[in-house]
Amino acid sequence: MTRQQLFEQIKEKESFLCVGLDTDIKKIPKHLLDAEDPIFEFNKKIIDATKEYAVAYKPNTAFYEAHGAKGWESLQKTLEYIPKDIFTIADAKRADIGNTSSMYARAFFENMDFDSVTVAPYMGSDSVKPFLEFDRKWVILLAATSNPGGLDFQDVIVSSDGEKLYERVIRKSAEWGNANNIMYVVGATRPEALIGIRRLVPEHFLLIPGVGAQGGDLKAVCKYGMNKHCGLLVNSSRGIIYSDSTEKFAEAAGKEAHKIQVEMAEILQRL
Ligand SMILES: O=c1ccn([C@@H]2O[C@H](COP(=O)(O)O)[C@@H](O)[C@H]2O)c(=O)[nH]1
């Protein structure tokens, strides 16, 4: 998917909501467990109930990989079920030496046809560049993550002018691609980081996880992170998909997604 197509989705739906499909077999309603593929059944209903409000879906691959070959199958079926005009993110946090990264890229972009994959930057340019060789595909690079331990390394000062490691990651990696093929992950739990990040990459999309279950604040994220085209995809996983554990789970997820979309529409109108 191109940047322009993503802008159009955001405008049309008045939303920059990404629904996280972190589907945990232990948390899905019991009545689905009799289905042949309970994870896919759950995802189908969540997608049906939220697709009007979402511009992106982000399955975290860990929840599928944990089930081996059957889990990969559930992931593939889920990907195929997502409407084609909605942006898809394989949250896999990959990267390795160059030839291995090429294989990861093929797995998510050729074999599975995701629009994007999350990539860990720690191994540097040759580990990231193979992901950038695919037309209309995106790398979403981890920058300032939402978890408390993110501060352990990402905030270490790496130069005499006070540059932090996550800022170095963004500044350097922005030279490997551009705003049409690189996004950055910034946690909603640290909106203050967005001020400096926007100075480094004013035009790039930012993927923001951490609203909902992790307590991040949507308004603060928008205040510091939005650019004139929006430039944000804000993810909520557990806060939406597990808002109810009864047979009405999908309806509840739809309501939760709608509530966030209404808030987003108000913010977008002020742009
Ligand atoms: O910094 C990061 C990077 C990735 N994630 C992922 O996003 C979702 C968040 O789930 P919630 O249930 O909405 O908390 C999950 O897949 C994480 O692995 C993140 O949270 N923070």
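Student: Why is Lys93 called partly exposed?

Tutor: In this predicted model, Lys93 has a relative accessible area of 41%. Buried means under 20% and exposed means over 50%, so Lys93, at 41%, falls in between and is called partly exposed. Lys93 is located in strand β3, and the UniProt annotation "active site", from an unreviewed entry, covers Lys93.

Student: What makes Ile170 buried or exposed?

Tutor: The relative accessibility of Ile170 is 0%. Since the limit for buried is under 20%, Ile170 counts as buried. Ile170 is in helix α8, which spans residues 165-173. Its C-alpha atom is 15 Å from that of Ile208, a residue 38 positions away along the chain.

Student: How do you know how many disulfides the structure has?

Tutor: A search of the whole structure finds zero. A disulfide requires two cysteine sulfur atoms within 2.5 Å. For Cys18, the nearest cysteine sulfur is that of Cys230, 12 Å away. Set against the 2.5 Å limit, 12 Å does not qualify, so Cys18 is in no disulfide. For Cys230, the nearest cysteine sulfur belongs to Cys222, at 7.1 Å. That value also fails the 2.5 Å limit, so Cys230 is in no disulfide.

Student: Are Cys18 and Cys230 buried or exposed, and what makes them so?

Tutor: Cys18 has 0% relative accessibility, and Cys230 has a relative accessible area of 1%. Buried means under 20%, so Cys18 counts as buried, and so does Cys230.

Student: What makes the pair between Gln214 and the ligand a polar contact?

Tutor: A polar side-chain atom of Gln214 lies 2.8 Å from an oxygen atom of the ligand. The limit is a pair of N or O atoms within 3.5 Å, so the Gln214 pair qualifies. For Arg238, a polar side-chain atom is 2.6 Å from a ligand oxygen, and for Asn60, a side-chain N or O atom is 2.9 Å from one. Both values are within 3.5 Å, so these pairs are polar contacts too. The protein covers 88% of the 470 Å² of accessible area that the ligand has on its own.

Student: Which residues come nearest to the ligand, and how does the shell divide by residue type?

Tutor: There are 15 residues around the ligand, and Asp22, Ser146, Gln214, Ser237 and Arg238 come nearest. The shell divides into three nonpolar, seven polar and five charged residues. Strands β3 (87-94) and β8 (232-236) each supply at least two residues of the shell.

Definitions and conventions. Residues numbered from 1 in each chain as written. Predicted model: local features only at pLDDT ≥ 70, side-chain atom pairs only at ≥ 80, totals over all residues. Heavy atoms only, no water. Near = heavy atom within 4 Å. Polar contact = N/O pair within 3.5 Å; in protein donor to acceptor, adjacent residues only side chain to side chain. Areas by Shrake-Rupley, 256 points an atom, 1.4 Å probe, with all protein chains shown as cover. Helix = DSSP H or I, 4+ residues; strand = E, 2+ residues; numbered from the N terminus. Nonpolar A, V, L, I, M, F, W, Y, C, P; charged D, E, K, R; others polar. Buried < 20%, exposed > 50% of the residue type's maximum accessible area, 1.4 Å probe, protein only. UniProt positions renumbered as here; feature names shortened; annotations may be inferred.
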